[in-house]
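Trainee: I should be grateful for a close look at the aromatic side chains, taken together with the elements that carry them. Please set out the reasoning step by step.

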Amino acid sequence: MSILLPDVAMTERSATHASLEWVGMAAIDLPIMLDEPGVSYPLNAQADVQVNLPDPTIKGIHMSRLYRLLDDFAARERLNPSALAGLLERMVGSHADCHSSRARLGLTFSLLCRRPALLTEGLSGWKSYPVVVNAVWAAQQLSLEVSVQVAYSSTCPCSAALTRQLIEQAFLDSFGCEATVTPAEVAAWLQRNATLATPHSQRSVAEVRVRIAGDVERLDLLRLIDRIEAALGTPVQTAVKRADEQAFARLNGQNLMYVEDAARRIEKAVAEDYPHHSVSVRHLESLHPHDAVASSSSMPVS
């Protein structure tokens with residue numbers, strides 16, 4: 001004998017009459033499969049999912065319906081704009097009795113990518129890139145934004161100039177009275193003294209948010225990340241041997257950058273393909289107890 005269980009969300013009316021912009025759940029754990037070349041493994045994600053509740057008299061939405069749709073999506077589909085649009089449209093449809101017309105989904109995960117060493121053949125390691133995907137379905141259209149975080153190394157141009165001056169002065173102190181100096185003597189002096197001062201550098205983080213057209217085939221997260229790393233020139237490394245560490249030191253020396261330089265490089269790199277974007281960079285200063293930051297945005301004001 002079946003027992004009819006009460007559903008007060010449907011049988012009772014709200015005592016306080018007010019429409020709600022968003023109602024749903026946050027921090028739902030689930031695996032997702034990304035529709036991205038080279039990514040064939042599930043990613044551990046957290047999802048926020050909501051619909052609007054425009055009817056001020058309805059007591060509550062059906063959260064279990066949203067959860068089941070999300071769970072089915074994670075089990076059957078790969079994450080791309082078309083799949084997101086279909087999921088959000090189904091979520092709105094599942095709440096027709098609540099008169100919902102909009103749905104949104106936020107996904108947070110880390111994209112793992114295997115990166116090769118700079119020089120050593122066959123050496124590579126895993127690197128993690130935090131990603132946030134925000135999708136909204138409204139007026140039968142998908143609005144989609146993604147943000148990625150990229151870690152890199154930054155060496156201060158001012159500190160490098162001050163370092164060069166100290167080395168120059170030390171060289172003059174050693175050889176200023178000499179009429180001639182042989183290359184061998186100079187090389188020997190540099191071997192002993194070239195690091196009597198070193199410029200300060202630090203791990204740094206760029207966060208780039210872009211708006212993606214709802215009709216494109218893929219999110220192309222790796223393509224965006226690669227473009228950011230190429231613009232900066234000094235992405236942090238995974239597995240290294242001494243030759244790779246030396247190559248990384250060379251890259252830092254050839255890519256001196258203030259926080260302003262980093263932000264402008266990224267801005268230029270992403271602007272052509274992503275007209276609506278925002279760039280935020282943070283240098284975790286090794287000289288100061290505070291950070292240096294810079295940002296720029298072409299995102300339309302909501």
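Mentor: A residue counts as buried under 20% relative accessible area and as exposed over 50%, with partly exposed in between. On that scale F171, at 24% relative accessibility, is partly exposed, whereas W189, at 3%, is buried. The model is a predicted one, and these values are computed from it.

A pair of aromatic rings is described by two quantities, the distance of the centres and the angle of the planes. The structure holds 3 aromatic pairs. In one of them, the ring centres of Y41 and W126 are 5.9 Å apart and the planes stand at 90°, so this pair is edge-to-face. Distant parts of the chain are linked by this pair: Y41 belongs to the loop between β1 (20-34) and β2 (43-53), while W126 belongs to strand β5 (residues 124-138), 85 residues apart. Y41 is partly exposed at 21% relative accessibility, and W126 is also partly exposed, with a relative accessible area of 48%.

The rings of F171 and W189 have centres 5.3 Å apart and planes at 90°, so they too are edge-to-face. Because F171 sits in helix α4 (residues 157-175) and W189 in helix α5 (residues 183-193), the pair ties together parts that are 18 residues apart in sequence. Ring pairs extend this arrangement into a cluster of F171, F175 and W189.

A ring may also face a charge. The charged end of R102 sits over the ring of W22, at 4.7 Å from the ring centre.

One further aromatic residue leads to helix α2: F73 is buried there, together with L66, L70 and A74. An α-helix has 3.6 residues a turn, so residues three or four places apart point the same way. Seen down the axis of α2, the buried residues fall within an arc of 95°, and they therefore line one face of the helix. On the other side of α2, R68, A75 and R76 are exposed. The buried residues of α2 pack against β1, β2, β3 (78-79), α3 (81-93) and β4 (103-116). As for the length of α2 (residues 63-76), its 14 residues should span 20 Å at 1.5 Å a residue, and the end C-alpha atoms are indeed 20 Å apart, which agrees.

Several of these strands recur in the sheet, where 9 strands form an open arrangement of mixed pairing in the order β3-β1-β2-β4-β5-β6-β7-β8-β9. β3 and β9 (292-297) stand at the edges with a single partner strand each, so one side of each has no neighbour in the sheet. Within the sheet, β7 (residues 201-212) and β8 (residues 277-283) run antiparallel to each other over 7 bridges, and A206 stands opposite V281 in β8.

Finally, an aromatic residue appears among the contacts of E229, in helix α6 (residues 221-232). E229 touches Y129 as well as R115, K127, V150, T234 and P235, leaving aside residues up to four places away in sequence. With a relative accessible area of 10%, E229 is buried. From E229 to P56 the C-alpha distance is 49 Å, at a separation of 173 residues in sequence.

Terms used: Residues are numbered from 1 along each chain as its sequence is written. This is a predicted model: local features need pLDDT of at least 70, side-chain atom pairs count only at pLDDT 80 or more; totals for chains, interfaces and linings use all residues. Side-chain values use heavy atoms; hydrogens and water are left out. Rings of Phe, Tyr and Trp (its six-membered ring) pair if their centres lie within 6.5 Å; planes under 30 degrees apart count as stacked, over 60 as edge-to-face and the rest as tilted. Helices (H or I, at least four residues) and strands (E, at least two) are DSSP runs, numbered from the N terminus. Buried means under 20% relative accessible area, exposed over 50%, partly exposed in between (1.4 Å probe, protein chains only). A charge sits over a ring if NZ of Lys or CZ of Arg is within 6 Å of the ring centre and within 35 degrees of the ring normal. The expected span of a helix is 1.5 Å times one less than its number of residues. The arc is that of the directions from the helix axis to the C-beta atoms. Contact means heavy atoms within 4.5 Å. Two strands pair if DSSP finds at least two bridges between them.
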